[in-house]
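Me: I'd like to learn how to read helices in a protein model. Can we go through one together?

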Amino acid sequence: MKLLINPSNKKGRINPEIQGHFSEHLGRCIYEGIYVGENSNIPNTNGMRNDVVDALKEMKIPVLRWPGGCFADEYHWMDGIGPKENRKKMINTHWGGVVEDNSFGTHEFMELCRQLGCKTYINGNVGSGTVREMSEWVEYMTFDGVSPMAELRGKNGHKEPWKVDYFGVGNENWGCGGNMTPEYYANKYRNYQTYVRNYNPEHPISKICCGANVDDYNWTNGVMETCFRAPEFLHGFMDGLSLHYYTHPLGWEEKGSALEFDEKIWYITMKKTLYIEDLINHHAAIMDKYDKEHKVGMIIDEWGTWYSVEPGTNPGFLYQQNTIRDALVAGINLNIFNKHCDRVKMANIAQMVNVLQAVILTEGEKMILTPTYHVFKMYNVHQGAELLDSHLETEMVGLEEQNMVPCMNESVSMSEDGKVHITLTNMSVDKSYDIEGTVFDSQIKAVKGEIVTGEMHEHNTFDAPDVVKIKEFNDVKTDGGSLRFTIPPCSVMHLEVTI
């Protein structure tokens with residue numbers, strides 16, 4: 001198979017935020033997974049688990065979305081500030097029917113992002129909240145001056161304002177966020193976003209509009225048409241439009257097991273994962289009608305695998321294991337996002353810890369890194385790099401004609417130091433591929449490689465945490481501008497090429 005790379009043809013910058021993450025008040029994502037409280041026996045800094053924070057920093061998490069998800073549109077931020085003993089308790093009706101004590105609120109989220117060194121993505125409440133509530137939250141977080149909300153923030157222990165990088169005006173407003181029509185929501189967006197003030201002109205907030213679920217192209221068209229009816233919307237009233245798509249191997253109702261699957265289900269999973277490229281292309285074409293200059297980014301702020309929960313766990317907690325299959329899903333998606341970096345400006349895998357396709361799982365004081373974590377860590381070399389023109393020869397693989405997939409996908413970038421980074425996935429369950437790569441008009445001086453691979457069911461457990469991990473891959477031969485190597489089945493690979 002041939003891989004062709006043209007380092008002189010740079011296609012655009014890959015935003016670091018493409019490798020973003022999502023943390024919702026759902027199951028054990030926030031509580032137990034990230035936040036254990038200052039008095040916990042688990043080592044922590046201001047309540048945040050040290051082991052989880054250290055792992056996420058090593059992975060180079062660029063941005064974190066919070067507090068939801070469906071939870072966002074019934075979250076009232078004032079319930080989560082002030083002394084913890086005075087904060088309101090509520091039932092989390094969306095996720096598991098458990099008590100939400102609001103001990104993790106705005107101050108705690110900002111502290112988490114400070115420890116992680118990542119950007120902040122706040123999701124506001126349109127479904128059950130008011131314009132005033134959203135406006136005052138933005139003032140509370142970002143205003144540096146004399147105002148009721150700035151004074152309240154100071155009384156609660158944080159005199160200086162925070163930076164809010166992204167603000168989502170509602171979430172899934174076509175469904176759990178209010179069951180709205182696209183035109184109705186778009187007019188509400190026009191209203192609400194007006195009061196998401198940029199109090200710090202040197203650090204403006206990027207405003208994210210609620211976009212479509214999967215292939216609801218009518219939603220995208222209705223929202224874009226309503227919001228772009230006035231020409232001023234080309235100038236800062238909308239910075240991003242979201243898109244949600246999950247990989248359900250057996251469909252929304254049944255979903256299927258995270259650990260028990262055969263080759264047929266493997267290829268169905270690959271096929272459904274690759275479908276996100278069709279969605280990107282079709283939604284982007286609609287966006288292009290109204291935004292030819294690509295000023296509005298596509299924000300894929302919920303994506304990943306969604307299986308049936310692990311047996312014996314709360315169905316509302318969405319806790320699932322994570323195998324080599326999930327590593328392939330992560331690599332495929334990230335390659336696709338990279339190759340569409342002209343439109344895709346951020347993506348947030350769901351979710352960061354203990355929920356859906358998590359990068360980290362915890363059990364009491366124990367923590368394991370999933371195969372998905374290791375793929376994100378390998379791919380962080382693309383953050384902020386320039387996408388290079390590349391083409392990979394493939395063949396179709398699979399067991400059934402309707403679920404055949406190309407055997408591999410790829411993306412290639414050049415980092416600031418001039419290194420070329422190649423990331424490849426091999427979706428075949430049982431076939432290796434010999435790759436002949438050509439880097440045009442270049443002399444290859446050195447190649448360094450790493451790989452995540454294994455039998456398709458392999459995964460990490462709390463008793464065996466290192467079954468799947470990043471391994472060195474140095475079996476690469478070079479000659480001038482050419483390189484030759486073999487990628488094994490069920491693999492995600494990264495090659496760093498010095499030219």
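Me: Which residues in α1 meet which residues in α2?

Reply: Quick note before that: this is a predicted model, where local features need pLDDT of at least 70, side-chain atom pairs count only at pLDDT 80 or more, and totals for chains, interfaces and linings use all residues. Residues are numbered from 1 along each chain as its sequence is written, and side-chain values use heavy atoms, leaving out hydrogens and water. Now, your contact (heavy atoms within 4.5 Å): V53, L56 and K57 of α1 meet L112, Q115 and L116 of α2. Those residues divide into four nonpolar, one polar and one charged (Ala, Val, Leu, Ile, Met, Phe, Trp, Tyr, Cys and Pro count as nonpolar, Asp, Glu, Lys and Arg as charged, the others, Gly among them, as polar).

Me: Which residues of α5 are buried?

Reply: The general idea: an α-helix has 3.6 residues a turn, so residues three or four places apart point the same way. In α5, the buried ones (under 20% relative accessible area, 1.4 Å probe, protein chains only) are P182, Y185, A186, K188, Y189, Y192 and Q193. Seen down the axis of α5, they fall within an arc of 165° (taken from the directions from the helix axis to the C-beta atoms), so they line one face of the helix.

Me: And what covers those buried residues of α5?

Reply: The cover includes α3 (131-142), β9 (166-169), β10 (206-213) and α6 (217-227).

Me: Is E133 buried or exposed?

Reply: E133, which sits in helix α3, is buried, with a relative accessible area of 16%. Leaving aside neighbours within four places in sequence, E133 is in contact with Y75, H76 and W77.

Terms used: Buried < 20%, exposed > 50% of the residue type's maximum accessible area, 1.4 Å probe, protein only. Helix = DSSP H or I, 4+ residues; strand = E, 2+ residues; numbered from the N terminus.
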